[in-house]
2 protein chains.
Amino acid sequence: MSTVTPPTRNRGKRRAEILEAAARLFAARGFHGVSIEDIGGAVGISGPALYRHFSGKDALLSEMLLDVSSRLRESAVAVATSSPGPAETLDALLNVQITFAIEQPALITVHDRELGNVPEPARRQIRRLQRLYVEEWVTVLAELHPACPAARLRAATHAVFGLLNSTPHSAGELPARDMRPLLHAMARSAIEASVNTR
Amino acid sequence: MSTVTPPTRNRGKRRAEILEAAARLFAARGFHGVSIEDIGGAVGISGPALYRHFSGKDALLSEMLLDVSSRLRESAVAVATSSPGPAETLDALLNVQITFAIEQPALITVHDRELGNVPEPARRQIRRLQRLYVEEWVTVLAELHPACPAARLRAATHAVFGLLNSTPHSAGELPARDMRPLLHAMARSAIEASVNTR
DNA sequence: CTGGGATGTTAGTCACCATTAACGTAATCG
DNA sequence: CGATTACGTTAATGGTGACTAACATCCCAG
């Protein structure tokens, strides 16, 4: 009818491939430390061919971060609305973040390092999504611990993100099979402590 | 006799001033996102004047990271040799890292992001110091929990660093007076969980 | 067929940037 | 007093890198 099969599917494939390679490179050397040539080379095309898929280097980064933020936020909302209670929601949120951190270390790394290099139209939107994601956590924590001030819960949430996102640093120390429960236990315990200490 | 007052003191002052400004800029925009002009401008001199104090941009970064790694490592050693027992050592190590994270967020940020941009002579040395610092933690944890495999302790240590170094992200959420005990409690609890979970 | 869109390629172009050169100015020291 | 030293300044210079132009292919639709 309207959209034919090969154009639609191929376009998407290539774009995804580029985004993935770029994420790996950005995580390793930083946005400005990677050239268009580098990214093209990583997917077997060379240099300016990227402009057939993205309007520029900035747009590539914007789309990357926008995509990550949306996916995290959507997962959080899905989990929050489908869980029977706050305790289960927190558990599910932990699993979402842990899965993401273990399976997409490069994206997680870029996500919390490179916001400063995103140009202004997109930056605001990414910030908004990140804020909504944090608030999803804070809301659940507030349900579980109504006496704890929100600012404290927010700080604790950021600390837990730092803990979970440490995976890229300890890559190779432990297999994912062991890393996953370890992170879960540490994060859960850290959260408990954050609301219990007077 | 040998070193005169103004030269020694002034040289040091300017260098320190430059290092601090550069750390702030590197943390915000990444090593390659900051120009020599930017750094000079931030301390009131302009551009190539930097070469009176550092042999180049790379050397500036090298010195910055070398300095941070040494200071952390030295503090850890000092604390480990002067504490009565492993429990007190762990406590003191936590305080060292928390103080650093709260008082020097830019340095901490650069320290764990920009190692990849340090040229080879210095890189090895920085890595060495970082490794020694981690081992200081692992040694203490191993004394407290001899049954726990070292790989697990290492992974837990990295996770705790991630937790403590989250300060730059939650800047402003909470005053340092509250942040400090919060981080301490969360980290301590996370460590407990890391060795208790089977 | 055939014309056009999707996708690449290779040669500019233009800006930016690290680094060096050439050149002042104060203050210190002998 | 000189003269060296510490510190800056403003012009090159040379390289790199993002982006554009001009020019193929391939493949499908009409």
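**Entry 1: a salt bridge between chains**

I began with the side chains of Arg154(B) and Glu173(A), which meet in a salt bridge at 3.5 Å, N to O. This is a predicted model, so I note that side-chain atom pairs count only at pLDDT 80 or more. I then asked how many salt bridges the rule finds across the interface of chain A and chain B. The count there is 2. Over all chains, the rule gives 18 salt bridges. For polar contacts across the interface of chain A and chain B, I got 2 residue pairs, both at pLDDT 80 or more.

I looked next at which elements of chain A face chain B. Helices α7 (150-164) and α8 (176-196) of chain A each supply at least two residues to the side that touches chain B. The largest share of that side, 10 residues, comes from α7(A). By class, I have 14 nonpolar, 11 polar and 6 charged residues on the side of chain A that touches chain B.

**Entry 2: extent of the interface**

I looked up the contacts and found 31 residues of chain A in contact with 31 residues of chain B. The size of an interface is often given as the accessible area lost when the parts come together. For chain A and chain B, I have about 2700 Å² buried between them, with 67% of it on carbon and sulfur atoms. Which residues of chain A lose the most area to chain B? They are Arg113(A), Glu173(A) and Met186(A), together 19% of what that side buries. I note that Glu173(A) is also the residue paired with Arg154(B) in the salt bridge above.

**Entry 3: Arg154 in chain A**

I turned to Arg154(A), whose place is in helix α7 of chain A. Leaving out residues up to four places away in sequence, I listed what Arg154(A) touches: Val134(A), Glu135(A), Val138(A) and, from chain B, Glu173(B). I also checked Arg154(A) against Arg180(A), which is 26 residues apart from it along the chain. The C-alpha atoms of these two arginines are separated by 23 Å.

**Entry 4: DNA strand D**

I counted 18 residues that surround DNA strand D. The closest are Ile36(A) and Tyr51(A) from chain A, with Arg14(B), Arg52(B) and His53(B) from chain B. Sugar and phosphate make up 59% of the atoms of DNA strand D that come within 4 Å of the protein.

I then looked up single atom pairs. Tyr51(A) has a polar side-chain atom 2.8 Å from a phosphate oxygen of DNA strand D. For Ser46(B), a polar backbone atom is 3.0 Å from a phosphate oxygen of DNA strand D. What kind of DNA strand D atom lies 2.3 Å from a polar side-chain atom of Arg52(B)? I found a base oxygen there.

Helix α1 (residues 5-29) of chain B gives the largest share of the surface near DNA strand D, with 3 residues. I sorted this surface by class and got 8 nonpolar, 5 polar and 5 charged residues.

**Entry 5: chain A and its confidence**

I counted 8 helices and 0 strands in chain A. The C-alpha trace of chain A spans about 55 × 45 × 35 Å along its principal axes.

The mean pLDDT of chain A is 93, and 94% of its residues reach 70 or more. Where in chain A is confidence lowest, and where highest? By element, the lowest mean is 82, in helix α1 (residues 5-29), and the highest is 98, in helix α3 (residues 57-82). Over residues 1-8 of chain A, I saw pLDDT stay under 50, with 2 contacts in the model beyond four places in sequence. Where pLDDT is low, the predicted coordinates should not be read in detail.

Within helix α1 of chain A, I noted Arg14(A) and Glu17(A), 3 residues apart, about one turn of the helix. Their side chains meet in a salt bridge at 3.1 Å, N to O.

How values were computed. Residues are numbered from 1 along each chain as its sequence is written. Chains are lettered from A and ligands numbered from 1 in the order in which they are written. Side-chain values use heavy atoms; hydrogens and water are left out. Contact means heavy atoms within 4.5 Å. Buried area is the accessible area (1.4 Å probe) that two parts lose on being put together, summed over both. A salt bridge is a side-chain nitrogen of Lys or Arg within 4 Å of a carboxyl oxygen of Asp or Glu. A polar contact is a pair of N or O atoms within 3.5 Å; within protein, one must be able to donate a hydrogen and the other to accept it, and residues adjacent in sequence count only if both atoms are side-chain atoms. Helices (H or I, at least four residues) and strands (E, at least two) are DSSP runs, numbered from the N terminus. Ala, Val, Leu, Ile, Met, Phe, Trp, Tyr, Cys and Pro count as nonpolar, Asp, Glu, Lys and Arg as charged, and the others, Gly among them, as polar. A residue is near a molecule or strand if one of its heavy atoms lies within 4 Å of it. pLDDT is the predictor's confidence in each residue, from 0 to 100.
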